[in-house]
There are 2 protein chains.
Amino acid sequence: MNSTDIHSMMQALGQAARAAAQMTAKASTATKNQALTVMAAAIRRDEQLLVAANTSDLALARSKGLDAALIDRLTLTAEGVATMADGLEQIAALPDPIGAISDLSYRPSGIQVGRMRVPLGVIGIIYEARPNVTADAAGLCLKAGNAAILRGGSEAMQSNQAIAACVQEGLKVAGLPEHAVQVINTPDRAAVGELITMQEYVDIIVPRGGKGLIERIANEARVPVIKHLDGICHIYIDVYADLEKALHIVDNAKTQRYGTCNTLETLLVHAGVAQQFLPVIGRLLQGKKVELRGDQAACALLSGTKLASEEDWRTEYLAPILSIRVVADINQAIEHITRYGSQHTDAIVTENYAHARQFLREVDSSSVMVNASTRFADGFEYGLGAEIGISTDKLHARGPVGLNGLTSEKYIVLGDGHIRI
Amino acid sequence: MNSTDIHSMMQALGQAARAAAQMTAKASTATKNQALTVMAAAIRRDEQLLVAANTSDLALARSKGLDAALIDRLTLTAEGVATMADGLEQIAALPDPIGAISDLSYRPSGIQVGRMRVPLGVIGIIYEARPNVTADAAGLCLKAGNAAILRGGSEAMQSNQAIAACVQEGLKVAGLPEHAVQVINTPDRAAVGELITMQEYVDIIVPRGGKGLIERIANEARVPVIKHLDGICHIYIDVYADLEKALHIVDNAKTQRYGTCNTLETLLVHAGVAQQFLPVIGRLLQGKKVELRGDQAACALLSGTKLASEEDWRTEYLAPILSIRVVADINQAIEHITRYGSQHTDAIVTENYAHARQFLREVDSSSVMVNASTRFADGFEYGLGAEIGISTDKLHARGPVGLNGLTSEKYIVLGDGHIRI
């Protein structure tokens, strides 16, 4: 397609999404849940078809020499298919956020004022290799009363189309418009350029993928974007820390999974406990093949530790590497986090009440924790039921974004003939 | 100044604001309230100075031949000065939103998860002639823990500088950084262009003024904008309306004030009550010199009514003009509002439960009302204490924007050594 064709195609897609969003906004809870459960059933039924489509995608990806990590994210096993179906059923089981009214109270004038939760409208999701996002994003957007435009990675094209067919079946059986979920099926990147600038048709963009993708989208978008770029997570071991707890928390936050955005990347240790704590945690992590990079004070206490560069403090390793700095006090720890952090998730380990309180108030991150592993920063762990991603932005949604992050609120006013005086 | 100078000046201003925002974010409630009450006292004390500065602005504005409406908005009387001081004291009396924790609850893992309200950071306010916005905006931004960069109209330059001196006095006495509130004092429009694109230093822009200003800012901004463009407010008189209530509500919504954004602009009347209702409301409004423009059915029932054009349905008159359409049913009324409305404030007058419920759910506006005047769409009437403006956007803040609209929320997690399994 040439760029004029892409423009026309995307405009048509946007218009159709806007029209469909009017229907999904007023769809009943039962209708939305029926669509979700039919989608799940279709996905279970079509397991072999989905795996076959994925096998074609994988063969093409391998023939193009795509790297092992991408192949891994692209792979959809029978187990993965079941997980997708489970996910849709879990979304169906969540309470419907739309129409919920909060804080309805009488004002001195006699009117009642409250807020009603409403859908955002049309949501664009841009993601990379993982095909399961097609089902997850479609389900979350629909439950929150929105229409969705999905743009997956070109390498997952056949998998995504097969999943989209199941999604369409759910919409059709429930009597919802087919354009409530649309999957862009051209690999042309110009389609993304159109999607993120169609302000009249798209209300918000949620990019899911590597930093490169998200940065590019954030720079070029005219539609608002919910995103996080980096997860440079810190744990500060206070002078009043219970070092036994500290050991388990740091171990869990660094080694439970290396590649997630809530994994620990920089450990800050109060000078007063560094001598006692660092050799112990160092042995534990080195025993798990984690490479340590420290400032001079940390290196002096830890054998086999490289000197960290300025760059290390700014790096999300997503790998078995940990940077370590010894700090003079809690203020220096907070300053370090403010300067080098990515406002994702940061934790303090302390038994001191004032320090816990100060850290919670002054650290400006989407999740701030006391005596808990940063790995808890997750929509399921927080009780949101599901998440579309994690936001380090301050506007609209911050932290794990669940159904509510895909909605807005309007004011409602109930009167009985009231006029303003 | 040339454009390089403006760029450097604005960068310096932005950097200083970002640094000040770290201090205002952790300032105690008592400190912020002290600053606000000292500002109010300084404004009262300097009443004559402020009025004199305003007199110079007015003289210059008159010599340039600026129009009467602008002169009116620019004028600051002794009474206006007192109102500004009252406003700051009212903001001091409001509860401090910052640090408030909500929904803190235990999860099955044993951690407690909740949300803590935090400042947005740096807020840019761009406004036109009204000098009182300088005090109002400074007060609201500060109470919500933010730093503010204010850019008033060039015609109000001297008034704004005089008010800014009082604001600075409050900051100084309370020990807050002087850059917590900065007033841009060059009339050069390039400064606005810089302000709305400094994403690294400015978190949100709130434009206050005419549609032209807001549209220009929204188009050029790279920083998120909270705004409303139009207030094309509708009232739908249902077939089940109490017509006595309808009469008072329509009268109040149209004629209490003509120039406000929550004033009624289009009246929709169910065909079943048009014959009974329209002649009565028509006489009442024509008696108040309101010009009526109707569709054919409305014109047939109302003598002296012009035929409305397609353009009328899309127009915010801000004047003694009302467009009137007769509709077949509630669905046609909602369709009309969806098509021509500006998602500001729309009301239904009905005694029918199902129609009230349908209207509340399906009308996608920032305020949706039943049996109440659209004039109630206001931060004070809603109990927000004060407002920085009204938003018809869906992201972040919708409807009247009070202190909470100038804040965000972060997640907090309290554990006792908890790790993720």
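Start with residues 313–377 of chain A: the span is 34% helix and 28% strand, with its end C-alpha atoms 21 Å apart. The model on screen is predicted.

Now select residues 13–281 of chain A. Here the chain is 52% helix and 17% strand, and 54 Å separates the end C-alpha atoms. UniProt, in an unreviewed entry, gives both spans of chain A, 13–281 and 313–377, as the feature "domain: Aldehyde dehydrogenase".

Next, show the strands of both chains. Look for an open sheet of 10 strands with mixed pairing. Follow the order E10(A)-E9(A)-E11(A)-E8(A)-E7(A)-E12(A)-E13(A)-E16(B)-E2(B)-E1(B). Strand E10 (306–307) of chain A and strand E1 (101–106) of chain B are at the edges; each has a single partner strand, so one side of each lacks a neighbour in the sheet.

Zoom in on strands E8 (residues 264–270) and E11 (residues 321–327) of chain A. They pair in the parallel sense over five bridges. Pick A:Leu267: its bridge partner in E11(A) is A:Ile324.

Add helix H10 (residues 243–255) of chain A, which packs on the sheet. Among the strands that H10 touches are E7 (233–237) and E12 (345–349) of chain A, and E16 (407–418) of chain B. The direction of H10 makes about 170° with that of E7(A).

Zoom out to both chains. A turn of 180° and a shift of 0.0 Å along the axis lay chain A on chain B, with an RMSD of 0.0 Å. That is the relation of a two-fold axis. To find the axis from chain A, select A:His396, whose C-alpha comes closest, at 1.9 Å.

Finish at the interface. Of the interface residues of chain A, 100% are also interface residues in chain B, so the copies meet through the same surface.

Conventions: Residues are numbered from 1 along each chain as its sequence is written. Chains are lettered from A and ligands numbered from 1 in the order in which they are written. This is a predicted model: local features need pLDDT of at least 70, side-chain atom pairs count only at pLDDT 80 or more; totals for chains, interfaces and linings use all residues. Side-chain values use heavy atoms; hydrogens and water are left out. Two strands pair if DSSP finds at least two bridges between them. Helices (H or I, at least four residues) and strands (E, at least two) are DSSP runs, numbered from the N terminus. Contact means heavy atoms within 4.5 Å. Axes are lines fitted to C-alpha atoms, for helices over the stretch in contact, and angles run from 0 to 180 degrees between N-to-C directions. UniProt positions are given in the numbering used here, feature names are shortened, and annotations may be inferred rather than shown by experiment. Copies are superposed by least squares on the C-alpha atoms of residues with pLDDT of at least 70 in both.
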